[in-house]
Protein chains: 2
Amino acid sequence: MIFSKSCVYGLRASIYLASISGDKYISIKGLSDKLDISFHFLTKILQELTAADLLESMKGPKGGVRLSRSGSEITLKEVVVAIDGPAIFTECVLGLPGCGSEKPCPMHAMWEDTRDEINEVFMNTTLQNMSKEGKAKDLRITPDGKFIWS
Amino acid sequence: MIFSKSCVYGLRASIYLASISGDKYISIKGLSDKLDISFHFLTKILQELTAADLLESMKGPKGGVRLSRSGSEITLKEVVVAIDGPAIFTECVLGLPGCGSEKPCPMHAMWEDTRDEINEVFMNTTLQNMSKEGKAKDLRITPDGKFIWS
DNA sequence: AAGTTTTAAGACAATTTTGTCTTAAATATA
DNA sequence: TATATTTAAGACAAAATTGTCTTAAAACTT
């Protein structure tokens, strides 16, 4: 897997949040149930997104989480960086510490192009792009595919 | 990291092996010393490559490992698949089990293109491509960059 | 004010990945 | 034949990731 499970959970939750209109807070329990992700584990991941200012949270009844900006203003890259860090968008495949333009590894050049494309795609795709697509075409956001876009 | 450490170690060792001419067996101890990788750990990884018929091994003095085919006939993809499996070249980003053309996830389409490019590059690049480049330009294959191409 | 609901925080456990060590088996050499 | 060298195999340990559970703190409801 190119991303950690945490990161995938974070992406799925973020895309789902972007599909919801209004500024209501959505309970994490509700999210974890709909997306079939462990509640406490998801809580920790969403805390990272809150710490990164991608989400806002509120305690108490009527509490939960919501996007801190419009889904059209949050990119997939931001979510990935907040959870897995920027390495996938910046580092070389072999991960050799000093690998750079000065003394690169043999795979540096071939990977650079691909990595740049990954970077482009994730930087130019927003949560709203994904949620609109998902909602319009009733796409899969859970393993069993039984999720219902609201 | 896009690949596991095991996979990266396997790639580095394979590229190095491809840089050596002749059909002599190269001792794993020599490899682990030159590449600065734990000997026993590297041994296990190279056993996977041997099991996948990418390497041949020989016990005893003068024993070691060598490529089972010319480095020009082994692709980077073969090495990756032997160690990390084919998922990176076939699976979708979110890793949802049923994700396919039938009921894809929202990221499916955007990822498909990128994934295909990754597949292309790794399928069309051989160990020899990498070793020749590395040898010719004295590129980095170890963290400290002090490796000497022989 | 008291109780309920929810996130925050952190301890803890299970699993996977990574790394170490020991013994066995095969091959070469003296 | 005996010994040294090397891979094979597998037990074991350490570290990172993933997942569970408990308690605290904040916000709402009655």
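## A tour from one lysine to the interface

Begin by selecting A:Lys103, which you will find in the loop between α5 (87-90) and α6 of chain A. Keep in mind throughout the tour that what you have open is a predicted model.

With A:Lys103 still selected, display its surroundings: leaving aside its neighbours within four places in sequence, this lysine is in contact with A:Gly98 and, in chain B, with B:Asp138, B:Leu139, B:Arg140 and B:Gly145. Look along the side chain of A:Lys103 towards B:Gly145, where the side chain reaches the backbone oxygen of that glycine at 3.1 Å.

Next, select B:Lys103 together with A:Asp138, whose side chains meet in a salt bridge with a distance of 3.5 Å from N to O. How many salt bridges does the rule find across the interface of chain A and chain B? It finds two. Polar contacts between the chains can be counted as well, and there are 10 residue pairs of this kind, both residues being at pLDDT 80 or more.

Now colour the side of chain A that touches chain B, and look for the elements that give two or more residues to this side, which are α1, α6 (108-124) and α7 (127-137) of chain A. Which of them gives the most? It is α6(A), with eight residues. If you colour this side of chain A by residue class, you should find 27 nonpolar, six polar and six charged residues.

Widen the selection to both chains, where the contact takes 39 residues from chain A and 39 residues from chain B. The size of an interface is often given as the accessible area lost when the parts come together. Between chain A and chain B the buried area is about 3500 Å², and carbon and sulfur atoms give 72% of it. Select A:Lys103, A:Pro106 and A:Arg140, since this is where the tour returns to its starting residue: these three supply 22% of the area that chain A buries against chain B, more than any other three residues.

For the last stop, stay within chain A and select helix α1 (residues 5-18) and helix α4 (residues 76-84), which pack at an angle of about 145° with their axes 9 Å apart. Turn the view until one helix lies over the other, and you can follow how α1(A) passes α4(A) in a right-handed crossing. To see the contact itself, show A:Ser6, A:Cys7, A:Gly10, A:Leu11 and A:Ser14 of α1(A), and then A:Leu76, A:Val79, A:Val80, A:Ile83 and A:Asp84 of α4(A). The residues of this contact divide into six nonpolar, three polar and one charged.

Notes:
Residues are numbered from 1 along each chain as its sequence is written. Chains are lettered from A and ligands numbered from 1 in the order in which they are written. This is a predicted model: local features need pLDDT of at least 70, side-chain atom pairs count only at pLDDT 80 or more; totals for chains, interfaces and linings use all residues. Side-chain values use heavy atoms; hydrogens and water are left out. Axes are lines fitted to C-alpha atoms, for helices over the stretch in contact, and angles run from 0 to 180 degrees between N-to-C directions. Helices (H or I, at least four residues) and strands (E, at least two) are DSSP runs, numbered from the N terminus. A crossing is left-handed if the near helix is turned anticlockwise from the far one by less than a right angle, and right-handed if clockwise. Contact means heavy atoms within 4.5 Å. Ala, Val, Leu, Ile, Met, Phe, Trp, Tyr, Cys and Pro count as nonpolar, Asp, Glu, Lys and Arg as charged, and the others, Gly among them, as polar. Buried area is the accessible area (1.4 Å probe) that two parts lose on being put together, summed over both. A salt bridge is a side-chain nitrogen of Lys or Arg within 4 Å of a carboxyl oxygen of Asp or Glu. A polar contact is a pair of N or O atoms within 3.5 Å; within protein, one must be able to donate a hydrogen and the other to accept it, and residues adjacent in sequence count only if both atoms are side-chain atoms.
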